[in-house]
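Hi,

Here is the structure I promised to pass on. Have a look, and my notes follow underneath.

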Amino acid sequence: MHDRTVVVTGLGAVSSLGNDLASTWAGLVAGRSGIGPITLFDASGFRTKLAAEIRAMPDPGVSPRMLRRLSRTDVIGLTAAREALADSGLDLLREDPTRIAVVLGGGVSGLLDSEGYFRDLLEKGPRGARPTRVLNHPPDQTTDRIAEVWGFLGPRATITTACSSSSTSLGYASDLIRSGVADVVVTGGADTFARLTHGGFNALRACDSEPCRPFDRGRKGLTIGEASGILVFEEEGRARRRGATIRARFLGYGITSDAHHMTQPEPSGEACARTMRSCLKHSGLNPGDVDYVNAHGTATVQNDPAETLSIKLALGERAREICISSNKSMLGHCLCSAGAIEAVATVRTIETGIVPPTISYVEPDPDCDLDVVPNVAREADIRVALSNSFAFGGNSTVVAFGRA
Amino acid sequence: MREIREILVTGAASVSPLGRDLETAAARLAAGDSAIAEIPVSEGGERKGAAFAARIGAFTTEPEMPRAKARRLDRASQFAVVAVTRCLAEAGWTMAGNEEETGILLGTGSAGASPLVDFERQMSVESPDSASPFLFPYTVANAPASIAAIELRIKGPNVTITQKDPAGLNALFYGRLLVADARAKAIVVGAVDEWNLTYQLAYERLGVLRTPTKPGYVLSEGCSVILLEDGASARARGAHPWARLAGAASAGFQVSPQQRRARPEDVATTIRAALADAGLEPSRVGLVHSSANGVPWVDAAEDAALADVFGPALRVERVKLRVGENPCSGALQLALAARALREEPGLGAALVNVLGAGGNQIAVVLAAP
């Protein structure tokens, strides 16, 4: 078994800012908000009536027959995968499909449809509820759909660790390549909006009734979003041999368990600092190597100061020399796909030297006193970037990307 | 990443419809018992024909966790806490001082189902604002692994995987890479599931479950786990290994996500890949835990593949026909295979093969340590 290195050769994105990579990235750089009124269901009974919805479903490029069977999550996952695969320049007719794996983060999947089944079951009984509406409920549906559409025959996995799902999927994907199990992995994640997730975060009083304001003193919680971010990971040697454009290197990841609380972050910051240190260790990095942190930055009262402490604990003095920012201020919290869409943004940040801002930032918070790139994007020389993902259940993952 | 040298199975535990512990499950299987029973009319109303499930029934977390504390947890998390606690005890693994050297990876197909349905009911029948904030955290599929991690202070990698029926074996597949990468010295791998009436009714109406007149699978629940340990570390602490993780292979077939379909040649290819990964000839395998779950065409494809790889005179256990289907059943087979190698080292090696909907297959080879 060889210690092989992993590079990113393809990117795809669908988000509330646009249905492809270019429009999503342009929106992030412009500091544009994807947050607006909820349209997917009647939100009148909820405290919060805002979300970062994808306004028009993209065309995933499948047959009408298959399209009828897809969930909203499948549609955006397939669309982003199609873009990423095209971007990679892989000639799939010449690739060995048994060496191509699919590893995604996911959770909500077809829940929006399933919720219709649950309501019909309550109101009309078993005979009045259409059972096919639950078929797309398993979180692994999009992973299987991508494998089915392109005929990939390698390993598949769907990571379901709430808000760190997609970042963990990147880690597993890299391990499959490093260990020699696969040569190419279609990875990242897809997750969409549903009444249950909105209701759940509202029940926890974790949502802001206004657009979320990460790291701002007046922040009151998150805004839920939906997105798919897909990355094509490839073993570096073969990517270079085929002349692929290498967008970035995947340097490594840290993965730990807080073992603290199902919904609350560990307040001292030490738990997530341990994840960041683990990422640095497994990526062969020192704190001084890090130029940017794409923060988890949910805008909840508890997360942002705890994450600020974590970054300080893990990076020491370097934390005050670099910028951090929260894509969630524009994309909302995309839950199981948050790590994926933020990884896509992190790769673009390294490529372009433009750091997306943290928007809706009004008043500094002394407990969140790092440079959060308020409101306006900034140019910076980014060689190495981390992306933080911390989840319900204390599932924490931090990934590291480096310049190609 | 370090070369994968030796990874040992040093413990196992199970909470299944066949019993609250692995020994009971093994004894009942040996006695020919089945956990599959008819669902009474009081649950889900009258049906055209009988419906079946493999359920655990009344369950207590004691002595592993006080009942008062367990009341706050969902059913799947209760299963996980008990199984993981027992597994670590079986392995003689001490958590104190090893928190960051211990990880947990669970597969699941249904964890969170009941809290999710209850939460939906509260939002619909009562009002969105009346839904319980205490219920919502258990609607996420990673709740059982995370609750077990919180209870036992597991601070290494913590992952939940869903990938149809082989999800428990998928946890093992990733877990061995994490051990090889020195991210933890010991990782609990397996799967957890809970049975839920709402999903049962949906699958009944989809016509995929077994009835008195139609073949099909039966839904199951429970949590089964094994402890994977870095070989050098396990031997240094004087652990008594049950088995060695010799090899594994994971593959997909090109079918739609809901379909249960497999070609014998594809199934055989994955099994051969697992044997090759283990460096073992088919003749070294003394026991196969088959994926057979009552779906005739898939079971037949697997039978043909096993005959092709191993020949006709093979000892094959078809546990899912008596304990039902879900990722937790594949994990139970892992635990049973490890136990068989502990009890009968002469078996040489045991293969666990799991096929799932959507063309997912993973085969794992355990060998005598």
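Which residues touch the most other members of the largest nonpolar core? They are B:A80 and B:L366, in a core of 268 residues. By nonpolar core I mean a set of buried Ala, Val, Leu, Ile, Met, Phe, Trp, Tyr and Cys residues joined through C-beta atoms within 7 Å. Buried means 20 or more other C-beta atoms within 10 Å of a residue's own, exposed means 12 or fewer, and partly exposed is in between, with C-beta atoms placed from the backbone.

Before the rest, a word on the model and its labels. It is a predicted model, where local features need pLDDT of at least 70 and side-chain atom pairs count only at pLDDT 80 or more, while totals for chains, interfaces and linings use all residues. Residues are numbered from 1 along each chain as its sequence is written, and chains are lettered from A and ligands numbered from 1 in the order in which they are written.

Back to B:A80: leaving out residues up to four places away in sequence, its contacts include B:L106, B:P144, B:I147 and B:V192. A contact is two C-beta atoms, placed from the backbone, within 7 Å.

Now the interface. 60 residues of chain A are in contact with 63 of chain B. On the chain A side, the elements giving two or more residues include α4 (111-124), α6 (165-178) and β5 (156-159); helices (H or I, at least four residues) and strands (E, at least two) are DSSP runs, numbered from the N terminus.

Strands meet across this interface too: β5(A) is joined by two bridges to β5 (residues 158-162) of chain B, and the two run antiparallel. Strands count as paired if DSSP finds at least two bridges between them. Here A:I159 sits opposite B:I161.

That same A:I159 also stands opposite A:G105, since β5(A) pairs with β4(A) in the parallel sense over four bridges. On β4(A) (residues 100-105), six of six residues are buried: A:I100, A:V102 and A:L104 on one side, and A:A101, A:V103 and A:G105 on the other. β4(A) is also joined to β6(A) (residues 184-191) by six bridges, running parallel, with A:L104 opposite A:G188.

Last one: is B:L177, in helix α6 (residues 167-180) of chain B, buried or partly exposed? B:L177 is partly exposed, because 19 other C-beta atoms lie within 10 Å. Across the chains, B:L177 touches A:D175 and A:S179.

Cheers
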